[in-house]
Amino acid sequence: LFRKVPKDSVWARRALSVGDAMVDARQADTATAFYRYASDIFASEKSTPEQADALSRIATAAIAAGKGNDDLLPQLEEILKEAAPLGDEAATLISSINVYLGNIHRATGNQAAADHCYAEALKSTGEDEGTLSPAARVCRGAALLVKGERDRAEELLSSGESALGNSASDTLCRVFALRELAAIAEERGNHLQALGLLNRAEGLAEGAVPRTDFFWPCLYGQRAWVQLLLEQYSPALTDFNRVLEGSREPALRVQALEGAGRCLMNMQRAAEATPFFNDCLNLRTKQFADDKESLARAWILAAQSYEPQKKPQQAASAYAQALSLMTVDSGNYRAAAFGRAKALADAGLWQQSMEAWQNLAPVVAKDDEDSLEVQEAIAACMQQLNPNVTAPVPAPDAAAPAVQPTQAAQPTRTKARRTSNKRATRRRR
């Protein structure tokens, strides 16, 4: 690299321009060599701002190389060590790398490491937000969003994104900002706005972000949930499958498996949904067993997929697994309890069904509608067990249809048994 020229700042700057051209030509490794040449010269001349700029470009080239997280993490951490002694001149670089590292850790399920990185990102940018560069505003906004300061985060993300240029590093920063802004729109229920932002991010990332970058499965997963909430099941299923095809990260795969199953259920394809829910259960059990709420929800979804297939015993068993992970106060407890009691009745297991309904009675005692339904179901079970005995059935509503002695208990409940299409976690990296 420029072997016969003076090692001075003039040639260092020229090396930077050559590196930029190499990045644009998708030759990230070659670009890194030129950037490193420049960084070493700036370091020897103690030109701190220019050294920080060169290190920033090295980081951009490392990301653009698309070698995957296992190779990228140590590279970025090494750049952080080099940047640390440069002080305020490297604040934006340090913040940017910390946010990027935080995103990787969050996508791979290491939330503690992610939180540490975001905290470091906030620390490095300081409190004077008015003097921040566009990229630093985006990084600070992303870190604030993790802390729950949505309004401040949105302001910084929007102003930073609109002020970015068209360089390779700015493009990476922009598509990241668009995903964060989409997350804010999601939280506010503006799903169409979120979808538009994510589609824009995809268009800008095409040809600029390597296909091996974790950006892609994260984008597809995020967009899939938005589409699911918009009842766009077919495109959502396509995006969930893209996540499964493109990522080995358990944290990404487990949500994609659940989401794909939900899409298929809404498309009336329960038999196809069951394997997705079962794979989701296996992965949650192996990797995320401590998250009992999500594991219980996965069992409920599996149970509900058995019902249209006329497999009540499998459904009852899955509901029982869900109940074993919950307390009466759990959000989905009634859904599982009602589902299990009904499935046992559908299977003709009247004694077990009656006991299940009887266990539900004190839980729903303060809910007139639910309490009446439970009492009617208990009466139906008793009539099946003792056809010659008329079981007492409360009748607060004369218009309510009588339960025939020879009919199975068929609660009409949908409210308690329906699970939401919302994700288990707030964010989706």
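# Notebook: a cavity, a pocket and some helix pairs

I began with the lining of the largest cavity, which by class has 5 nonpolar, 4 polar and 2 charged residues. A reminder to myself: this is a predicted model.

**Entry 1, the cavity.** How many cavities of 30 Å³ or more does a search of the whole structure find? I got 1. The volume of the largest cavity came out at about 50 Å³. I then listed what lines the largest cavity: Ala62, Ile63, Gly66, Lys67, Gly68, Asn69, Leu72, Tyr100, Thr212, Asp213 and Phe214. Two elements, α3 and α4 (69-83), give two or more residues to that lining.

**Entry 2, the pocket.** Next I looked up the largest pocket, with a volume of about 870 Å³. Its lining holds 42 residues, and I noted Ser56, Thr60, Ser169, Asp170 and Cys173 as the closest to its centre. The elements giving two or more residues to this lining are α1 (9-24), α3 (48-64), α5 (91-107), α7 (134-146) and α9 (168-187). Which element gives the most to the lining of the largest pocket? My answer is α3, with 9 residues. Sorting the pocket lining by class, I found 25 nonpolar, 8 polar and 9 charged residues.

**Entry 3, α3 against α4.** Both helices had turned up at the cavity, and I checked how they pack. I found an angle of about 175 degrees, with the axes 10 Å apart. Angles over 145 degrees count as roughly antiparallel, and α3 and α4 are therefore roughly antiparallel to each other. On the α3 side the contact uses Leu55, Ile58, Ala59, Ala62 and Ile63, and on the α4 side Leu72, Gln75, Leu76, Ile79, Glu82 and Ala83. I sorted this contact into 9 nonpolar, 1 polar and 1 charged residues. Ala62, Ile63 and Leu72 were already in my list for the cavity lining.

**Entry 4, α4 against α5.** I stayed with α4 and turned to its other partner in my notes. The axes of α4 and α5 come within 10 Å and cross at roughly 155 degrees. This pair is therefore roughly antiparallel as well. Is the crossing left-handed or right-handed? I have α4 passing α5 in a left-handed crossing. From α4, the contact is made by Asn69, Leu72, Leu73, Leu76, Glu77, Ile79, Leu80 and Ala83; from α5, by Leu93, Ile94, Ile97, Asn98, Tyr100, Leu101, Ile104 and His105. The split for these residues is 12 nonpolar, 3 polar and 1 charged. Asn69, Leu72 and Tyr100 of this contact also line the largest cavity.

**Entry 5, Pro250.** I then followed the chain to Pro250, found in helix α13 (residues 250-266). Cys280 is 30 residues away from Pro250 along the chain, and I got 9.8 Å between their C-alpha atoms. What does Pro250 touch, not counting residues up to four places away in sequence? I wrote down Leu283, Gln287 and Phe288.

**Entry 6, α15 against α16.** My last pair was helix α15 (residues 292-306) and helix α16 (residues 312-324), whose axes come within 8 Å and cross at roughly 170 degrees. That makes α15 roughly antiparallel to α16. Here Ala296, Trp299, Ile300, Ala303, Gln304 and Tyr306 of α15 meet Gln314, Ala315, Ala318, Tyr319, Gln321 and Ala322 of α16. By class I logged 9 nonpolar and 3 polar residues in this contact, with no charged residues.

How values were computed: Residues numbered from 1 in each chain as written. Predicted model: local features only at pLDDT ≥ 70, side-chain atom pairs only at ≥ 80, totals over all residues. Heavy atoms only, no water. 1 Å grid on protein atoms, 1.4 Å probe; cavity = no way out; pocket = protein on both sides within 12 Å on 5 of 7 lines; lining within 4 Å. Points joined across faces, edges and corners; volume = space filled by probe spheres on them. Nonpolar A, V, L, I, M, F, W, Y, C, P; charged D, E, K, R; others polar. Axes fitted to C-alpha atoms, helices over the stretch in contact; angles between N-to-C directions. Parallel < 35°, antiparallel > 145°, perpendicular 65-115°, else oblique. Left-handed = near helix turned anticlockwise from the far one by under 90°. Contact = heavy atoms within 4.5 Å.
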